[in-house]
Amino acid sequence: MKNCKLIVHADDFGLTHGVNTGIIDAHLNGILTSTSIMANGPAFDEAIELAYAAPTLDIGVHLTLVEEIPIVSPTDIPSIVDKNGRLLANAKEVYIRYLKKKLCLKHIRAEFEAQIIRIKSTGLPISHIDGHQHLHILPAIFSIVEELAKKHDIQAIRIPKERIRKYMFRNHLNIKRILELAVLNVYASISSTTLNHPDEFLGFYYGGQLNIKNLDSVLSHLPEDGTYELMCHPGANCDNGDYDHWQYSWEAELEALKSNEAREQLTRRGASLISYHDLNLKS
């Protein structure tokens with residue numbers, strides 16, 4: 001008997017108006033079950049209002065170490081901000097500083113806890129925690145995130161380990177993405193935790209490009225048993241000038257999540273939709 005359970009999770013709730021409305025649309029009219037909020041996202045207040053209006057949408061914390069304005073005063077966390085007082089420009093810069101031991105873990109802890117507290121202060125129920133651009137999986141940072149999750153009674157965490165599958169080799173131009181996935185898997189493999197998490201993660205390989213065709217590739221390879229998280233990035237009428245450098249296909253992902261093809265593929269695979277909240281109830 002098939003017993004595959006799938007969490008369909010949108011990152012970046014609170015980033016922009018277009019991302020916010022896309023996530024809500026994908027939940028109310030598509031297969032999306034879960035999202036995580038950026039406490040320092042430019043559209044944070046709107047995201048909170050929309051979350052309260054959609055109580056069936058599972059909510060998590062999306063810890064952020066790049067691009068945005070920190071919650072903590074920049075003068076108190078100098079190792080994780082640039083000369084303008086913003087968080088570091090990108091994941092590569094964070095990673096390099098991490099390897100060179102130029103990041104102060106106390107600064108990361110202070111900023112992460114401030115983000116958690118801001119989201120908790122809204123009164124929304126928080127089921128899980130994850131990291132923007134998966135930076136939470138770096139070992140020393142992961143220890144901080146796990147400790148804060150337990151302190152703030154957050155029961156589940158994302159472990160972004162995605163099995164490398166044959167369909168990923170269809171386009172030789174994507175070999176760089178496969179190598180990035182392999183590195184991510186190494187860090188995910190050593191991230192032992194007592195917090196709840198799905199058996200496997202999906203969606204890094206097609207990150208930002210989960211259109212109907214790519215979503216079908218992922219769903220058609222769902223195993224018959226186990227729990228899985230599929231990451232996505234839907235958006236509606238996105239005019240995300242500040243984030244165009246990500247080169248995400250927000251509208252195409254929203255279309256895919258709302259498509260009949262997605263629902264039919266889930267039916268064929270015998271997969272049922274759950275959320276992190278459901279995962280916690282079964283622990």
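# A tour of loops, strands and pockets

Select Q133 to start: at 30% relative accessibility, this residue counts as partly exposed. The model on your screen is predicted.

**Stop 1: the loop after β4**

Stay on Q133. Where does Q133 lie? Q133 sits in the loop between β4 and α5. Now look at the backbone angle. Phi of Q133 is near 60 degrees, a positive value, and Q133 is not a glycine. Most residues other than glycine have a negative phi.

Move along the loop to H134. H134 is also found between β4 (128–131) and α5 (139–151). Is H134 buried or exposed? H134 has a relative accessible area of 6%, so it is buried, the cut-off being under 20%. Compare that with Q133, which is partly exposed at 30%.

Next, show what touches H134. Leave aside the neighbours within four places in sequence. With those set aside, H134 is in contact with R158, P160, L184, F201, F204 and M231. Keep F204 on display for the next stop.

**Stop 2: the largest pocket**

Turn on a surface or pocket display. Rolling a probe the size of a water molecule over the atoms shows where empty space is left. How much space lies in the largest pocket? The answer is about 1,200 Å³.

Which residues lie nearest the centre of the largest pocket? Select A91, Q133, R177, E180 and F204. Two of these names should be familiar. Q133 is the partly exposed loop residue, and F204 is one of the contacts of H134. In total, 35 residues line this pocket.

Now colour the elements around the largest pocket. β1 (3–13), α3 (91–99) and α6 (175–189) each supply at least two residues of its lining. Which element gives the most? Helix α6 does, with seven residues. Colour the lining by class as well. You should find 17 nonpolar, 11 polar and seven charged residues.

**Stop 3: D12 in β1**

Strand β1 is one of the contributors to the largest pocket. Select D12, which lies in this strand. D12 has a relative accessible area of 2%, so it counts as buried. Check its phi too. The value is positive, about 75 degrees, although D12 is not a glycine.

**Stop 4: strand β3, covered on both sides**

Select residues 58–63, which form strand β3. How many of the six residues of β3 are buried? Six of the six are, so the strand is largely enclosed by the rest of the structure.

In a regular strand the side chains alternate between the two faces of the sheet. Look for that here. D58, G60 and H62 are on one side of β3, while I59, V61 and L63 are on the other. Both faces are covered, and these residues are all buried.

Add the partner strands. Strand β2 (residues 34–37) pairs with β3 in the parallel sense, over four bridges. Trace the chain from β2 to β3: the route passes through helix α2 (residues 44–53), and this β-α-β crossover is right-handed. Then look at β4. β3 and β4 also run parallel, joined by four bridges.

V61 is a useful marker here. What stands opposite V61 in these partners? I37 of β2 faces this residue of β3, and I129 in β4 does too.

**Stop 5: the second largest pocket**

Keep D58 selected. The second largest pocket holds about 290 Å³ of space. It is lined by 18 residues, and the closest to its centre are D58, P125, I126, S127 and H277. So the tour has reached this pocket from β3.

Show α2, β3 and α10 (276–281) together. Each supplies at least two residues of the lining of the second largest pocket. α10 gives the most, with three residues. By class, this lining has 10 nonpolar, six polar and two charged residues.

**Stop 6: the cavity**

Finish inside the protein. How many cavities of 30 Å³ or more are counted? The count comes to one. About 40 Å³ of space lies in this cavity.

Select its lining: I212, L215, D216, L219, S259, E261, A262 and Q265. Helices α7 (212–219) and α9 (260–269) each supply at least two of the lining residues. The largest share, four residues, comes from α7. By class, the lining of the cavity has four nonpolar, two polar and two charged residues.

Definitions and conventions. Residues are numbered from 1 along each chain as its sequence is written. This is a predicted model: local features need pLDDT of at least 70, side-chain atom pairs count only at pLDDT 80 or more; totals for chains, interfaces and linings use all residues. Side-chain values use heavy atoms; hydrogens and water are left out. On a 1 Å grid over the protein atoms alone, a cavity is a set of points where a 1.4 Å probe fits but cannot get out, and a pocket is an open set with protein on both sides within 12 Å along at least five of seven lines; lining residues have an atom within 4 Å of a point. Grid points are joined across faces, edges and corners, and a volume is the space filled by probe spheres set on the points. Ala, Val, Leu, Ile, Met, Phe, Trp, Tyr, Cys and Pro count as nonpolar, Asp, Glu, Lys and Arg as charged, and the others, Gly among them, as polar. Buried means under 20% relative accessible area, exposed over 50%, partly exposed in between (1.4 Å probe, protein chains only). Contact means heavy atoms within 4.5 Å. Two strands pair if DSSP finds at least two bridges between them. A crossover is right-handed if, with the strands pointing away from the viewer, the path from the first strand over the helix to the second runs clockwise.
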